[in-house]
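Q: Please give me a close look at one part of this model, the helix packing and what sits around it. I'd like the cut-offs spelled out along the way.

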Amino acid sequence: MISTQAWTDARLVWDYHQMHHTPKGCSVAVGLGSHDLSVATTAVEAYQVGLVPLIVFTGANSATTRARFPEGEAVAYQKHALALGVPSDVVLVEPNATNTGQNIAYSRSLLEGAGVDVSSVLLVSKPYEQRRAYATARKLWPGIEVICASAPMEFPEYVDSIGDVRLVIDMLVGALQRLMIYPQQGFMIEQEVPEEVIAAYQRLCRAGFTSRLVPAEVH
């Protein structure tokens, strides 16, 4: 059972992770690989309404996606996009990235190699990865405008889609930890974390939602 306090804290962290950007026209959409096909769907929808002329899907595999997407996350996203009617020449695939930094760096290199002039990126991720993706892109791809997007889902709806509330909260906590420690390691720009979000994070850690933490932090 999840306590009322843990649920309240998780919703607060969930909201912080989202950038609340208004979608706008961009040079390209970059869909970050994961277990979640809604990332690919959101990128496709941006193309279909004319926000972007080109899509890059980036991602190899992780322990959580290898069984579901044996050909790799980016390839699975590409197949999903083609099934939704996107022309094949609109989709570029970057199949090697295994973390968010590589997603950004390898996508940038792919586009530069293809001669694509990029001034802005619609960065598509899972809802709770928006801020992490934004902070990473601002560090590794300076000089471009970054607009974040994800499937328009509220926290309870996302929990229902995953079917495991404890796992979702663990992921929220892990993503927030990285936002706080990775800037010092040069992986992303620093983001201000409100005191109430830090307090919620600490309560969730004490409540045991720690399976997605990296060992750089002692509780």
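A: Here is a walk through the helix pairs, then one strand residue and the cysteines.

Some housekeeping: this is a predicted model, so local features need pLDDT of at least 70 and side-chain atom pairs count only at pLDDT 80 or more, while totals for chains, interfaces and linings use all residues. Residues are numbered from 1 along each chain as its sequence is written, and side-chain values use heavy atoms, leaving out hydrogens and water.

Let's start with α1 (residues 4-17) and α8 (residues 195-206), whose axes come within 9 Å and cross at roughly 130°. Helices (H or I, at least four residues) and strands (E, at least two) are DSSP runs numbered from the N terminus; axes are lines fitted to C-alpha atoms, for helices over the stretch in contact, with angles from 0 to 180 degrees between N-to-C directions. That angle makes α1 and α8 oblique to each other (under 35 degrees is roughly parallel, over 145 roughly antiparallel, 65 to 115 roughly perpendicular, the rest oblique). The crossing is left-handed, meaning the near helix is turned anticlockwise from the far one by less than a right angle; clockwise would be right-handed. On the α1 side, Gln5, Ala6, Asp9, Ala10, Leu12, Val13 and Tyr16 meet Glu196, Val197, Ala200, Tyr201, Arg203 and Leu204 of α8, contact being heavy atoms within 4.5 Å. Sorted by class, that's nine nonpolar, one polar and three charged residues (Ala, Val, Leu, Ile, Met, Phe, Trp, Tyr, Cys and Pro are nonpolar; Asp, Glu, Lys and Arg charged; the others, Gly among them, polar).

Next up, α4 (residues 100-113) packs on α5 (residues 130-140) at about 50°, axes 9 Å apart, and this pair is oblique too. Here the crossing is right-handed. Thr100, Gly101, Ile104 and Arg108 of α4 touch Arg132, Ala133, Thr136, Ala137 and Leu140 of α5, giving four nonpolar, three polar and two charged residues.

Ala137 turns up again around valine 146: beyond its neighbours within four places in sequence, valine 146 contacts His21, Val121, Leu123, Tyr134, Ala137 and Arg138. Valine 146 sits in strand β5 (residues 145-149) and is buried at 6% relative accessible area (buried is under 20%, exposed over 50%, partly exposed in between, with a 1.4 Å probe and protein chains only).

Also in that stretch, cysteine 148 is buried at 3%. The structure has zero disulfides (cysteine sulfur pairs within 2.5 Å), and the nearest cysteine sulfur to cysteine 148, that of cysteine 26, is 9.9 Å away.
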